[in-house]
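Good morning, colleagues. Please keep the sequence and the structure in view while I speak.

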Protein chains: 2
Amino acid sequence: MTSTIADVAARAGVSTATVSRVLSGVGGARPATRERVVEAARMLGYRPSGVARSLKLRTTRTYGLIVTDIENPFFPELVRAVEDAARGDGYAILLCNAADDPDREGAYLDLLVDRRVDGVIIAASSLGGRHREWLAAAPLPVVLVNCSAPGVRLPSIASDNVAGGRLAAEHLVSLGHRRIGALTAPPRNADGPDRLRGVRAGLEAAGLDAAALPVASDEAGVAGGERAMRELLAAAPDTTGVAAYNDLMAIGAMRAVRADGRLVPRDVSVVGFDDVDLAAFVDPPLTTIAQSTADMGRWAVARLKEAVSRNGNGATPGGSTAEVILPVHLVVRGSTARPVGLAG
Amino acid sequence: MTSTIADVAARAGVSTATVSRVLSGVGGARPATRERVVEAARMLGYRPSGVARSLKLRTTRTYGLIVTDIENPFFPELVRAVEDAARGDGYAILLCNAADDPDREGAYLDLLVDRRVDGVIIAASSLGGRHREWLAAAPLPVVLVNCSAPGVRLPSIASDNVAGGRLAAEHLVSLGHRRIGALTAPPRNADGPDRLRGVRAGLEAAGLDAAALPVASDEAGVAGGERAMRELLAAAPDTTGVAAYNDLMAIGAMRAVRADGRLVPRDVSVVGFDDVDLAAFVDPPLTTIAQSTADMGRWAVARLKEAVSRNGNGATPGGSTAEVILPVHLVVRGSTARPVGLAG
DNA sequence: CTGAAAGCGCTAACAT
DNA sequence: ATGTTAGCGCTTTCAG
């Protein structure tokens, strides 16, 4: 249906090699020839087949991007950053939404290999743990975003999760809170423990009993946050401050607090993590820990590009297997305040 | 680096044809042979090359999905629906984020053709208008989601935008509002006019002067909504109710109202469009028009699948060039109320 | 049941 | 400057 290079060649009265040269702009051609080729291609509406080219050139100019949950606004931001960075080099993105399903993550890994993408960016925090051996012997360049594979050396970029947790705790403490709780993601999630560790560190630094920190765990969405907060409130009803795993859980937590007849931040303060676009617009505006998705996306793509040009694996010996940790910062908004009973 | 079918064949002591048959499960093979092939493939960690297969089979098992702006939460919802529907058939999604840039949309159209995707779903409302002639002669199956190309018959699915606009207006009117305004997207956007038309229809039905409707237009994000509302408030300071193009603009509008020293919904009511997940969590919870992204995604993929199996173009004669319009409904939350001065 | 061989559409030596 | 040719890795007749 669509015309091939042979059609163009025939029409222009030249060989396919010439067409290829002219159209890809490498290797000279007599102006007259070039003219005829271009014209023939135009007439035929010729578009070179990327798949044929990929087979020949052994590069698909495509990256795979696996995300935990595209409906968590953090990921669209990352997707955008990745795509923006990739687009410049003519790369396209095969998007794989794990939808919080670990099996699906694994399936996508295979799919991406089969498709021979030039590299994959994994931003699925639960993936590192489960597919360790796969990652250790990955047949293509891999870079990890906000997730790590214990024991596997792969280029990775992540926010400073423990610093973030600590910032959250310190903020709460500095406000005067003493009965602090935390909401965390399911165990399969890799960042959860780090953020929690940070919270504990912050508590300890303030002389509080970190070991006694009440923690509730659930899925990392609004509904999960709501459930987790309900649970936390049941276990530790006198909690006045809460550090949530992410913004979505924080939003859910605020709902649970309200459903319990209390007010945010008057009765309980909550701080999120991510600083998603909409965090500023929820009720009340969310105090949270901001991370730089743009930097993550750019960096990840740069690493992949590097790996591709070396034509090596992400974990290639001699390659830069850097693991960068991005600084995070606290954004104070309306969901945190001094606990009642404390003078302003 | 990765092994090919020839490697497997050599190792199993059979021909590549046999390997192909065994591994793809078509055509019988003596159990012993099959065994040897499977074992060889396993040993070698053989993964068939999708690109070679695509070249031979003339299908990439990939759909392209062009969205206006992945950071607008409406689109991740759609992406999810599309991916869920496509995944079942082993299809992957090449995601193209136009990022509100019409040029970029066009570039992606070409990219998708070059990649020989099996079909493309266009959910970029500004695309239909600009690339009409391209769409009219699209070299591959196309389906339009929430956008239309005037004069081009292509399968399309969209929310009933005029009904939605009307619902919004009627809601405001029924609350007692008389000085109503509207916020719309830039002219390049195709749904804007329909929604606006609906708003006017609702006004007229209530005996109000639709022609006098104050309208401000800006980019379809939070910032755009904020600017547009500011403008509207300047032009029509006595406005008490506003219908926004989408939820993001509505959120921006609420900010502008507040910045102007007024309260939502006490001084001005605002209604959005989309019913994005987070609409329920903003301050105040947004009254909005809900549409079904899941249905859209499912339908779009089904049409593409159909077109692929017919191996025809989306607009193929005889093909179902259906244009479906999905019903929408009003979701009343906290951003709308009776205007002050009217008894409850 | 299995193998030989052609060919999908392109690029890159290698000739000429 | 241009043409010939050999594949890239797979599937699929067509023979045997």
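I shall discuss the contact between the chains, then the surroundings of the DNA strands, and then one pair of helices.

Please bear in mind throughout that this is a predicted model.

Let me begin with the two protein chains. On one side, 36 residues of chain B take part, and they are in contact with 37 residues of chain A. Which elements of chain B give two or more residues to the side that touches chain A? They are H4, helix H5 (74-87), strand E2 (92-97) and helix H6 (102-114). Sorted by class, this side of chain B holds 20 nonpolar, 6 polar and 10 charged residues.

Strand E2 deserves a separate remark. E2 of chain A, residues 92-97, is joined to E2(B) by 3 bridges, and the two strands run antiparallel. Within this pairing, A:Leu95 stands opposite B:Ile93.

I turn now to the DNA. Strand C is surrounded by 25 residues, and the closest are A:Ile5, A:Ala17, A:Ser20, B:Ala17 and B:Gly28. At least two residues of the surface near strand C come from each of four helices: H2 (16-24) and H4 (50-57) of chain A, and H2 (16-24) and H4 (50-57) of chain B. The largest share, 5 residues, is supplied by H4(A). In terms of class, the surface near strand C divides into 10 nonpolar, 11 polar and 4 charged residues.

For DNA strand D, the number of surrounding residues is 26, and the closest are A:Ala17, A:Gly28, B:Ile5, B:Ala17 and B:Ser20. Here H2 and H4 of chain A, together with H2 and H4 of chain B, each contribute at least two residues. The classes near strand D are 10 nonpolar, 11 polar and 5 charged.

Finally, I come to a helix pair within chain B. Two packed helices are described by the angle between their axes and the distance between those axes. How do H9 (residues 161-175) and H10 (residues 191-205) of chain B cross, and at what angle? Their axes come within 6 Å and cross at roughly 40°. Because angles from 65 to 115 degrees count as roughly perpendicular and those under 35 as roughly parallel, H9(B) is therefore oblique to H10(B). The crossing of H9(B) and H10(B) is right-handed. Among the residues that make the contact are B:Gly164, B:Gly165 and B:Ala168 of H9(B), and B:Gly198, B:Val199 and B:Gly202 of H10(B). By class, this contact has 9 nonpolar, 5 polar and 6 charged residues.

Thank you for your attention.

Methods: Residues are numbered from 1 along each chain as its sequence is written. Chains are lettered from A and ligands numbered from 1 in the order in which they are written. This is a predicted model: local features need pLDDT of at least 70, side-chain atom pairs count only at pLDDT 80 or more; totals for chains, interfaces and linings use all residues. Axes are lines fitted to C-alpha atoms, for helices over the stretch in contact, and angles run from 0 to 180 degrees between N-to-C directions. Angles under 35 degrees count as roughly parallel, over 145 as roughly antiparallel, 65 to 115 as roughly perpendicular and the rest as oblique. A crossing is left-handed if the near helix is turned anticlockwise from the far one by less than a right angle, and right-handed if clockwise. Two residues are in contact if their C-beta atoms, placed from the backbone, lie within 7 Å. Ala, Val, Leu, Ile, Met, Phe, Trp, Tyr, Cys and Pro count as nonpolar, Asp, Glu, Lys and Arg as charged, and the others, Gly among them, as polar. A residue is near a molecule or strand if its C-beta atom, placed from the backbone, lies within 6 Å of it. Two strands pair if DSSP finds at least two bridges between them.
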